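Here are my notes for you, written as numbered points. Keep the picture open while you read and find each spot as we get to it.

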Amino acid sequence: MRIETKCLHEGYHPGNGEPRALPIYQSTTYKYDSTEHIGKLFDLSVAGHMYSRISNPTVAAVEEKIASMEGGVGALCTTSGQAASLISLLNIMKAGDHFISAATIYGGTINLFAVTLKRFGIECTFVDQDASEEEIQKAFKPNTKAVFGETLANPALAVLDIEKFAKIAYKNNIPLIIDNTFPTPVLCRPIEFGADIVVHSTTKYMDGHAVQIGGVIVDSGKFDWTNGKFPEFTEPDESYHGVIYTESFGNAAYITKARVQMMRDIGAYPSANAAFLLNLGIETLHVRMERHCRNAEKVAEYLSKSDKVEFVNYPALKGNKDYTLKEKYLPLGCSGVISFSLKGSRETAVKFMDSLKLASNEVHVADIRTCVLHPASSTHRQLTDSQLVAAGITPGLIRLSVGIENIDDIIEDIEQALKNI
Ligand SMILES: *Cc1c(COP(=O)(O)O)cnc(C)c1O
């Protein structure tokens, strides 16, 4: 199946006379014929649902769909994108470990890495993603366990050179984790470029309708956890009667451990209803992404011609610093998100935003409806000025998330708001 068909048909295959749409299995528990079978489930010697903090049939169908769309061996849904990033790292790191992240990433992820994980004793070094391999290599330490980056950074819209990062991670025998939220697997599949683990905030385009917070972790199945750096995969897990993940689960060791150990203990698993809503969104993802891209290309073009605009950042615009990377990693388009700055002060930006009638002011992005946000006074408020600059944000920057309305209505709205400043 191609990606468009996978959006509709992967994960759930009803038999004769069964419901056509994915059923919502609203059950926390499961019934078994014997205590012996339950024992085997707890020993992980047979597969099956045990308890809905760890797995559920509705969620499992969506996990299978997303794993297939990304080209991975398995996936684990989470209650949010933040939970996905956190669990993707905790699954391979403990206090005393270190990892490297591109500095140009989502503000919430920067807080998680720089503040909360630091309190857990896990240290992160942020690097300039455009730096040379040699420069990035200098950030590595003997206890470095992962490299992290975003395909298309929120909100800076910088495109990551995934192959460069994959090469560096591979050379150091550690996995590359990619947050692929903005492109979705419709526009980019990082595993094809060497990523080992992919995470998403499904809250954005995958859900698409602004109805359900969620996240997902996808395992490529390609990383060699037996290379000596990750004993938690090759030594017995005492919390599971001494199971050795790489021996029992082969190339699904990472995603199995994330579920049965991390999710069991952290408990950030989505409900069946949440997974049902996510699935509804994914069914139309390919159609929506195409329209988001075409609309945003026209808006970016329009803004770049306005004399009231200082700069427009959209990688599909010729002349953008990441245009070549966009052509390589995002040939079909680079989503509906544009960032731009108006000439004038921070107040000019606020005046413009408050003048919009169709586009709404929201703490959201990647939605079917056009919306705008001022990162410096909202999502990135906690960052220092230097962190702001590193994340590619200026005080007057506006993040415009172009929806799937008629393009003429979107541009007319922007036009009248520009006249108002
Ligand atoms: C929104 C976002 C997150 C966090 O996801 P939530 O679902 O809000 O927890 C992580 N990464 C990126 C790139 C995002 O845009």
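1. First, some vocabulary: helices and strands here are DSSP runs, numbered from the N terminus, with at least four residues for a helix and at least two for a strand. Also keep in mind that you're looking at a predicted model. With those labels in hand, find K138: it sits in the loop between α6 (133-137) and β4 (144-150).

2. Is K138 buried or exposed? K138 counts as exposed, because its relative accessibility is 63% and the cut-off for exposed is over 50%. Now look for A210 as well. K138 and A210 are 72 residues apart along the chain, and their C-alpha atoms are separated by 41 Å.

3. On to helix packing. Two packed helices are described by the angle between their axes and the distance between the axes. Try that on helix α3 (residues 57-70) and helix α12 (residues 272-283): the angle is about 35°, and the axes are 8 Å apart. The crossing of α3 past α12 is left-handed.

4. Which residues make the contact between α3 and α12? From α3 come T58, V59, V62, K65, I66 and M69, while α12 brings A272, A275, F276, L278, N279, I282 and E283. Sort the residues of this contact by type and you get nine nonpolar, two polar and two charged.

5. Here's a second pair to try. The axes of helix α13 (residues 285-305) and helix α17 (residues 407-419) cross at roughly 30° and come within 10 Å. So α13 is roughly parallel to α17, since angles under 35 degrees get that label. This time the crossing, α13 past α17, is right-handed.

6. In this second contact, α13 uses N295, K298, V299, Y302 and L303, and on the α17 side you'll find I407, I410, I411, I414, E415 and L418. By type, the contact of α13 with α17 has eight nonpolar residues, one polar and two charged.

7. Stay on α13 for a moment, as it also holds a salt bridge. R294 and E297 both lie in this helix, three residues apart, which is about one turn of the helix. Their side chains meet with an N to O distance of 3.0 Å. R294 counts as partly exposed because its relative accessibility is 32%, and E297 is partly exposed too, with a relative accessible area of 25%.

8. How many salt bridges are there? The count comes to 17. One of them joins K321 and D130, at 3.4 Å from N to O. That pair links distant parts of the chain, 191 residues apart: K321 is in the loop between β8 (309-313) and α14 (323-329), and D130 is in the loop between β3 (123-127) and α6.

9. K321 also forms a salt bridge with D322, where the closest N and O atoms are 3.0 Å apart. What about the surroundings of these residues? K321 counts as exposed, at 60% relative accessibility. D130 is partly exposed, with a relative accessible area of 45%. D322 is buried, because its relative accessible area is 3% and buried means under 20%.

10. One last thing to look up: K94, D97 and K145 are linked in a network of salt bridges. Try picking out those three side chains yourself.

Methods: Residues numbered from 1 in each chain as written. Predicted model: local features only at pLDDT ≥ 70, side-chain atom pairs only at ≥ 80, totals over all residues. Heavy atoms only, no water. Axes fitted to C-alpha atoms, helices over the stretch in contact; angles between N-to-C directions. Left-handed = near helix turned anticlockwise from the far one by under 90°. Contact = heavy atoms within 4.5 Å. Nonpolar A, V, L, I, M, F, W, Y, C, P; charged D, E, K, R; others polar. Buried < 20%, exposed > 50% of the residue type's maximum accessible area, 1.4 Å probe, protein only. Parallel < 35°, antiparallel > 145°, perpendicular 65-115°, else oblique. Salt bridge = Lys/Arg side-chain N within 4 Å of Asp/Glu carboxyl O.
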